[in-house]
Amino acid sequence: MIAWYNNWINQEPDKYFAYIYDNSISEPIGEVYYYLDNRINSIGIVIQDKYRGKGYSYMALLELQKVAFSMF
């Protein structure tokens, strides 16, 4: 876990990772990431099963887009 953390956290602008958090339930529900690898831009999103189909992915990807275009 420590190796993963050191590889992803505070690695901007090469990598960006963030939790998806819903303040109304005070619980993290997933995560998003962005990274550049040999001129290939990749993004990803993970949502817990019980929160899928509720629009969280859409909102999280919109926010990730803002970060990606402002940082990279």
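Student: Before we look at D22, what counts as buried, and what counts as a salt bridge?
Tutor: Buried means under 20% relative accessible area. A salt bridge needs a side-chain nitrogen of Lys or Arg close to a carboxyl oxygen of Asp or Glu. The cut-off for that pair is within 4 Å.

Student: How far from D22 is the nearest side chain of opposite charge?
Tutor: This is a predicted model, so every value here is computed from it. D22 is buried and has no salt bridge. The nearest side chain of opposite charge belongs to K54. Its distance from D22 is 9.0 Å.

Student: Where does D22 lie, and which residues does D22 contact beyond its sequence neighbours?
Tutor: D22 lies in strand β1. Leave aside the neighbours within four places in sequence. The contacts of D22 are then E27 and Y56.

Student: What does Y56 touch, again without residues up to four places away?
Tutor: D22 is one of its partners. The list also holds I29 and I47. It is completed by Y51.

Student: In what order do the elements run from the N terminus?
Tutor: The protein chain has two helices and three strands. Start at the N terminus and read along. The order is α-β-β-β-α.

Student: Which element gives the most to the largest nonpolar core?
Tutor: That core has 12 residues, including Y16, I29, I47, Y56 and L64. Elements giving two or more residues are β1 (15-22), β2 (27-37) and α2 (56-71). Four residues come from the top contributor, α2.

Student: Why might such residues sit together?
Tutor: There is a general tendency to lean on, and it concerns soluble globular proteins. In them, nonpolar side chains tend to be buried together.

Student: How many salt bridges are there by this rule?
Tutor: One joins E27 and K50. R52 forms one with D49. E63 and K66 meet in another. The count comes to three.

Student: How many residues apart are E27 and K50?
Tutor: Their side chains meet at 3.7 Å, N to O. E27 is in strand β2, and K50 is in the loop between β3 (40-47) and α2. The pair links distant parts of the chain, with a separation of 23 residues.

Student: Is E27 buried, exposed or partly exposed, and what about K50?
Tutor: E27 has a relative accessible area of 25%. For K50 the value is 51%. Exposed means over 50%. So E27 is partly exposed, and K50 is exposed.

Student: How far apart are the closest N and O atoms of R52 and D49?
Tutor: R52 and D49 are both exposed. They form a salt bridge. Its closest N and O atoms are apart by 2.8 Å.

Student: Which helix holds E63 and K66?
Tutor: Their side chains meet at 3.0 Å, N to O. E63 counts as partly exposed, at 42% relative accessibility. The two residues are three apart, about one turn of the helix. That helix is α2.

Student: What share of the residues is buried?
Tutor: The protein chain has 72 residues. Its C-alpha trace spans about 35 × 30 × 20 Å along its principal axes. The buried share is 28%.

Student: How much of the exposed area do carbon and sulfur atoms supply?
Tutor: The protein chain exposes about 5,500 Å². Carbon and sulfur atoms supply 53%.

Student: How far apart are the mean positions of the positive and negative charges?
Tutor: The protein chain has 6 positive and 8 negative charges. Take the mean position of each set. The two means are apart by 4 Å.

Note on methods: Residues numbered from 1 in each chain as written. Predicted model: local features only at pLDDT ≥ 70, side-chain atom pairs only at ≥ 80, totals over all residues. Heavy atoms only, no water. Buried < 20%, exposed > 50% of the residue type's maximum accessible area, 1.4 Å probe, protein only. Areas by Shrake-Rupley, 256 points an atom, 1.4 Å probe, with all protein chains shown as cover. Lys, Arg positive; Asp, Glu negative; His and termini not counted. Charge placed at Lys NZ, Arg CZ, Asp CG, Glu CD. Core = buried A, V, L, I, M, F, W, Y, C linked by side-chain atoms within 4.5 Å. Contact = heavy atoms within 4.5 Å.
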